[in-house]
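Please study the sequence and the three-dimensional structure shown below. Attempt each task before reading its solution.

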Amino acid sequence: MKRIAIALAVSLAVSGAALAQEKTIKIAGFGAKTGAVRSFGVNSEAALLAAADVINKQGGVRLADGSKAKIAVEFYDDRCTAEEGISIIRRIAGTEAIVAVGPTCSNVAEPLFGILQKKVDDKSDSGLQMPIFTDVAVKGGLAKISEWSFRNVPSEWTMYSSLFYWLKTRNPGAQTVYGGVEEDFAHSRASWYAVMKDRAEANGYKVLGNSKWLLNDSNFATQVREMKNANADIVAIAAHPFTTCGVLKEMQRQGVKPKVLIGLTSSSSMETLQGCAKQAEGIIIPTSFAPVTKEGKFAAETTAKFKGAADLHSMAAWENMFILKDVIESEKVSGNKDQLQADRRKIRDGLAKLKETKGLLGITKRTEDREADKPYLFVQATKGEWKVLHDPL
Amino acid sequence: MDFYYGLAQIVGVHTLLGLSAYIVLLTGQVSLAQAAFFGIGAYTAGMLTVLAGWHIVPALGAGAVVGATTACAVGFPALRVKGLMLVVATLAFGEGVRLFFFNFDYQVAKGGIKVGPLGGEGFRQIRYFPEHGWTTGEVMVFIWAFVLVAMAALWWFDRSRYGAVLRAVGEDELAAQSVGVNLTAVKVSAMTVGGAVAGLGGGIYAHYTTHIEHSNFNVLVATFALAYPIVGGLSNVFGTLAAVIFVQVFLIEGLRDLGDWRNLLFGALIILAMNLRPHGLFGRRRA
């Protein structure tokens with residue numbers, strides 16, 4: 001009888017410990033894993049899983065009661081469509097996820113943030129109360145749509161201001177700029193008209209015009225001919241890797257060789273080099289990630305084990321996971337199912353309180369409108385690799 | 001539960017989109033302009049609630065009226081052509097409308113910020129529902145009230161003399177004309193009703209997504225609009241509803257966890273469904 005009692009006590013203790021260890025904090029990720037921009041979602045998922053794995057191997061995340069919980073990541077494919085993005089965030093809100101990281105596309109982020117409650121504690125606003133911490137969608141100024149939305153994406157305004165200023169001192173002979181814009185992609189379009197073009201003119205360059213194409217275009221002969229006729233010193237391409245490569249190949253075919261070639265920040269990825277390393281040789285792109293620090297190299301290597309590539313977007317997802325770990329611990333998230341909404345609110349408030357966060361390139365400042373002011377570098381495609389050309393900071 | 005309410009909202013809006021093509025298909029016409037009427041309704045209703053401060057119901061009504069008027073205006077010249085020529089004509093019109101919205105800027109300052117359509121960047125903050133405290137369930141009921149009215153109206157049309165005339169034109173134009181049916185009037189009226197239903201659906205779409213842009217009304221949406229009644233069958237309005245549920249709930253949402261396989265299965269399952277039910281999910285075999 002005594003043996004049975006001891007066995008029972010031991011088994012209860014073991015199962016109790018097992019139950020305690022089984023406590024998990026669920027973090028949902030979502031983005032485009034299919035379609036023309038699928039690589040962004042694939043890489044973000046890999047980075048989230050890799051970062052969660054590192055945290056879990058270090059013991060997990062400390063909860064309000066002092067216990068440790070593992071982080072579980074579930075990633076959803078929104079196919080870069082607004083309707084599916086909205087459906088997914090409602091689905092995530094119905095799970096035990098305390099925060100969502102995503103989306104990939106700015107045209108998904110806009111409606112998604114729109115269905116969130118605009119101002120916290122506004123009882124008259126029935127919008128969804130779910131914190132979203134964006135890693136990829138980079139079109140300027142989106143987080144201001146809702147106080148539940150946060151972003152850890154670079155400020156293109158700051159980066160291209162700095163780039164054109166630097167180019168002015170480095171290439172004083174260059175006077176004119178010509179743009180190429182992926183017209184039907186919200187981010188590319190906003191990047192050219194509201195950022196690159198504006199920043200070039202602000203730095204004394206004469207903008208000669210721009211050519212337009214669409215995300216699914218595959219023939220760029222006319223656009224590159226316009227570019228050739230403009231004969232500008234600098235060509236700035238506001239397009240994602242797929243059409244950037246198409247344009248670069250056409251530029252090579254037509255013999256268009258500007259003094260300086262500038263790319264969109266989202267194109268500072270492996271996709272560009274895999275698609276057209278030869279034609280992209282020399283292109284300069286400002287980016288908020290390059291594996292130049294010990295932490296950056298580790299993040300890139302760990303993400304690679306999860307079949308993802310490290311770039312400014314996927315590494316933002318990596319950073320988000322560690323920022324969220326800190327917020328969970330500092331805000332004393334309970335991890336209890338019956339306090340799910342309270343935990344989500346703690347995450348929101350914790351993210352809103354942050355003045356700065358630790359990033360892979362250094363300290364990222366947080367702005368009042370829930371955006372990030374991230375450190376950045378200028379990288380250049382050189383022999384099939386991205387090499388750091390200049391560190392303006 | 002909100003997720004399921006949200007899903008029901010999507011099904012409701014897509015049912016309206018499909019029904020707008022259904023009535024045109026009854027006359028034997030294939031129109032790729034439904035996405036354009038959908039977009040016109042979306043921008044009209046969105047602008048009326050956001051910029052003019054209208055209540056949602058008259059704004060949706062206005063979206064339907066503008067959609068119907070445009071469809072009627074397009075119907076007269078477009079329906080003079082048949083078959084593939086009509087497909088091309090309506091496709092061109094749809095792309096024209098999409099490009100119009102791509103370049104359409106009309107912003108006014110409201111509460112310290114500029115609101116309204118902003119060309120390629122779209123039209124954000126169409127937040128009538130959350131701003132008025134509507135829960136997801138209430139929005140779903142609201143949407144389905146319109147869907148049921150539209151379905152009931154089309155059901156009634158279908159069983160009336162008007163429906164018989166539509167189907168007669170769809171079956172054999174020459175025979176219909178030979179018994180005195182005015183083909184232009186029938187086709188244009190079907191197009192107009194379709195435009196009204198699409199405009200209504202678009203208005204609702206704008207308000208449940210809170211953000212619209214030109215790409216929401218592209219040829220893919222027009223293709224979906226046509227696919228719903230074709231996959232569902234033209235026997236009655238329930239075929240369209242069944243097809244929307246099949247596509248939106250089963251294929252898109254139900255298979256989401258399959259990742260990359262979902263897109264492959266998506267096409268394969270539609271082909272399979274059309275092979276197993278060549279006259280549509282709710283279609284009847286002809287004698």
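The exercises below treat a helix, strands, unusual backbone angles, and empty spaces in turn.

This is a predicted model, in which local features need pLDDT of at least 70 and side-chain atom pairs count only at pLDDT 80 or more, while totals for chains, interfaces and linings use all residues. Residues are numbered from 1 along each chain as its sequence is written, chains are lettered from A and ligands numbered from 1 in the order in which they are written, and side-chain values use heavy atoms, with hydrogens and water left out.

**Exercise 1. A helix**

Task: Describe the length, the bend and the buried residues of helix H6 of chain A.

Solution.
Step 1. Helices (H or I, at least four residues) and strands (E, at least two) are DSSP runs, numbered from the N terminus. H6(A) covers residues 186-202, which is 17 residues.
Step 2. The expected span of a helix is 1.5 Å times one less than its number of residues. From first to last C-alpha, H6(A) reaches 23 Å, close to the expected 24 Å.
Step 3. A bend at a residue is the angle between axes fitted to the seven residues ending there and the seven starting there. In H6(A) there is a bend of about 40 degrees at Trp192(A).
Step 4. Buried means under 20% relative accessible area, exposed over 50%, and partly exposed in between (1.4 Å probe, protein chains only). The buried residues of H6(A) include Ala186(A), His187(A), Trp192(A) and Arg199(A).
Step 5. Just after H6(A), Gly204(A) has a positive phi of about 90 degrees.

**Exercise 2. Strands**

Task: Determine how strand S7 of chain A is placed and paired, and then describe the sheet S12-S13-S14 of chain A.

Solution.
Step 1. Strand S7(A) comprises residues 176-182; seven of its seven residues are buried, so the strand is largely enclosed by the rest of the structure.
Step 2. In a regular strand, side chains alternate between the two faces of the sheet. Both faces of S7(A) are covered, with Thr176(A), Tyr178(A), Gly180(A) and Glu182(A) buried on one side and Val177(A), Gly179(A) and Val181(A) buried on the other.
Step 3. Two strands pair if DSSP finds at least two bridges between them. S7(A) runs parallel to strand S8 (residues 206-213) of chain A, and seven bridges join the two. Gly180(A) has Ser211(A) as its bridge partner in S8(A).
Step 4. In the order S12-S13-S14, three strands of chain A form an open sheet with antiparallel pairing. S12(A) and S14(A) stand at the edges with a single partner strand each, so one side of each is left without a neighbour in the sheet.
Step 5. S13(A), residues 363-366, is joined to S14(A) by two bridges. Lys365(A) stands opposite Asp373(A) of S14(A).

**Exercise 3. Unusual backbone angles**

Task: Which peptide bond is cis, and where do Asp121(A) and Arg370(A) lie?

Solution.
Step 1. The bond from Gly102(A) to Pro103(A) is cis, with omega near -5 degrees. Pro103(A) is in the loop between S4 and H4 of chain A.
Step 2. Asp121(A), which is not a glycine, has a positive phi near 70 degrees. Asp121(A) lies in the loop between H4 and S5 of chain A and is partly exposed, at 47% relative accessibility.
Step 3. Arg370(A) also has a positive phi, of about 65 degrees, without being a glycine. Arg370(A) lies in the loop between S13 and S14 of chain A and is buried, with a relative accessible area of 13%.

**Exercise 4. Empty spaces**

Task: What are the volumes of the largest pocket and the largest cavity, and which residues lie nearest their centres?

Solution.
Step 1. On a 1 Å grid over the protein atoms alone, a cavity is a set of points where a 1.4 Å probe fits but cannot get out, and a pocket is an open set with protein on both sides within 12 Å along at least five of seven lines; lining residues have an atom within 4 Å of a point. Grid points are joined across faces, edges and corners, and a volume is the space filled by probe spheres set on the points.
Step 2. The largest pocket has a volume of about 1,200 Å³. Of its 39 lining residues, Cys80(A), Thr81(A), Ser215(B), Asn218(B) and Leu220(B) lie nearest the centre.
Step 3. The largest cavity has a volume of about 80 Å³. Its lining has 13 residues, of which Thr104(A), Val136(A), Phe185(A), His187(A) and His240(A) lie nearest the centre.
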